[in-house]
Amino acid sequence: MAKQILDEIAMKRALTRITYEIIENNKGVENLVLVGIKTRGIFLARRIAARLQELEGVSVGIDELDISLYRDDVQPEQQTTSDQVAQFPTDVTDKNVVLVDDVLFTGRTIRAALDGIMVQGRPRQIRLAVLVDRGHRQLPIRADFVGKNIPTSWAEKVAVYMNEVDGQDGVELV
C-alpha cells in the first residue's frame, strides 16, 4: 500500500524553496552550474534552472551525469577511463556546482557522482540538492538543500514520479 508524501503542488513548492535557498547560498547565480544525476535528477535540475531563469533572469549551465561508471560495486576492470567519459557541455572548473538528485538514501550514489564531477574538472564547491532525504546513510554525506525529510524503514521504498517520465508528479512511500 502506497502513502502519498508529496503531490504535484507540494513538489513544486519544495523545488521553489530549494531554488531560493540555492540563490541565497550562492549569493545569486554567478558561476553556478547544476548537475543532474540520471534520470530524475536531470529533470529536477532542469526545473530548478527554469525557476532560476524566472527569478534571476539568467540561464545557468545544466549538465547530466550517469553515475553507473563510478559506482563502488563495479569491478576495477569494468570501471571507466577518462577517454570513456562524456564531457560536460559546461566547464565545472572553479564553478559552484549544485548536484541534484531525487532521493538521498545510503549516500553511495552521491559518492559516485562526486567522482564523476571531479573527472570533469575541479569545482570551487559542490553542494547537494535532493527532493527527498530518507535517511539511512552509509557514508558521511548530507544534503545542503532538501525538499522533504521522510523518515523510513529499510523495508520501505520512496517512489518519485515525474511528469517527464511517469506522466504525473508526486512522491509516495511504498
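# A guided tour, starting at helix α2

Select helix α2 and color its buried residues: G41, I42, F43, L44, A45, I48, A49 and L52. Buried here means under 20% relative accessible area, while exposed means over 50% and partly exposed covers the range in between (1.4 Å probe, protein chains only). Helices are DSSP runs of H or I with at least four residues, strands are runs of E with at least two, and both are numbered from the N terminus.

Before going on, a word about what is on your screen: this is a predicted model, in which local features need pLDDT of at least 70 and side-chain atom pairs count only at pLDDT 80 or more, while totals for chains, interfaces and linings use all residues. Residues are numbered from 1 along each chain as its sequence is written, and side-chain values use heavy atoms, with hydrogens and water left out.

## Stop 1: around α2

Keep α2 selected and show what surrounds it. Its buried residues pack against α1 (8–26), β2 (32–37), β3 (61–65), β4 (96–104), β5 (125–133) and α4 (163–166). Contact, throughout this tour, means heavy atoms within 4.5 Å.

Now try the distance tool on the two end C-alpha atoms of α2, residues 40 and 56. How far apart should they be? At 1.5 Å a residue, the 17 residues should span 24 Å, and the end C-alpha atoms are indeed 24 Å apart. That expected span is 1.5 Å times one less than the number of residues.

Step just past the helix to G57, which follows α2 and has a positive phi, near 70°.

Next, pick R51, also in α2. R51 counts as partly exposed because its relative accessibility is 23%. Leaving aside neighbours within four places in sequence, R51 is in contact with T16, T19 and Y20. For a longer line across the model, join the C-alpha atoms of R51 and L131: these residues are 80 apart along the chain, and the atoms are separated by 15 Å.

## Stop 2: backbone curiosities

Most residues other than glycine have a negative phi, and most peptide bonds are trans. Here are some exceptions to click on.

- **K38 to T39.** The peptide bond between them is cis, with omega near 10°. T39 is in the loop between β2 and α2.
- **K27.** Its phi is positive, near 55°, in a residue other than glycine. K27 sits in the loop between α1 and β2, and at 77% relative accessibility K27 counts as exposed.
- **H136.** Phi is again positive, near 70°. H136 is in the loop between β5 and β6 (145–149), and its 25% relative accessibility makes H136 partly exposed.

## Stop 3: N26

Go to N26, in helix α1. Is N26 buried or exposed? N26 is buried, with a relative accessible area of 11%. Show its partners: not counting residues up to four places away in sequence, N26 touches L32, N96 and Q125.

## Stop 4: the loop between β3 and β4

Select F88, which lies in this loop. F88 counts as buried, since its relative accessible area is 10%. Which residues does F88 touch, not counting residues up to four places away in sequence? The set is V35, D63, E64, L65, I117 and Q120. A line from F88 to D115, 27 residues apart along the chain, spans 14 Å between C-alpha atoms.

T90 is in the loop between β3 and β4 too. Leaving aside neighbours within four places in sequence, T90 is in contact with V33, G61, I62 and D63. Draw a line from T90 to K12: 78 residues apart in sequence, they are 26 Å apart in space, C-alpha to C-alpha.

## Last stop: zoom out

Clear the selection and color by secondary structure. You should find four helices and eight strands, running β-α-β-α-β-β-α-β-β-β-α-β from the N terminus on. The C-alpha atoms fill a box of roughly 45 × 45 × 30 Å along the principal axes.

For 174 residues, a compact globule would have a radius of gyration near 16 Å, and the protein agrees at 16 Å. This radius is taken over C-alpha atoms, and the globule rule is 2.2 Å times the number of residues to the power 0.38.

Of the 174 residues, 45% count as buried. Among contacts with a separation of 6 or more, 71% are between residues 24 or more positions apart.
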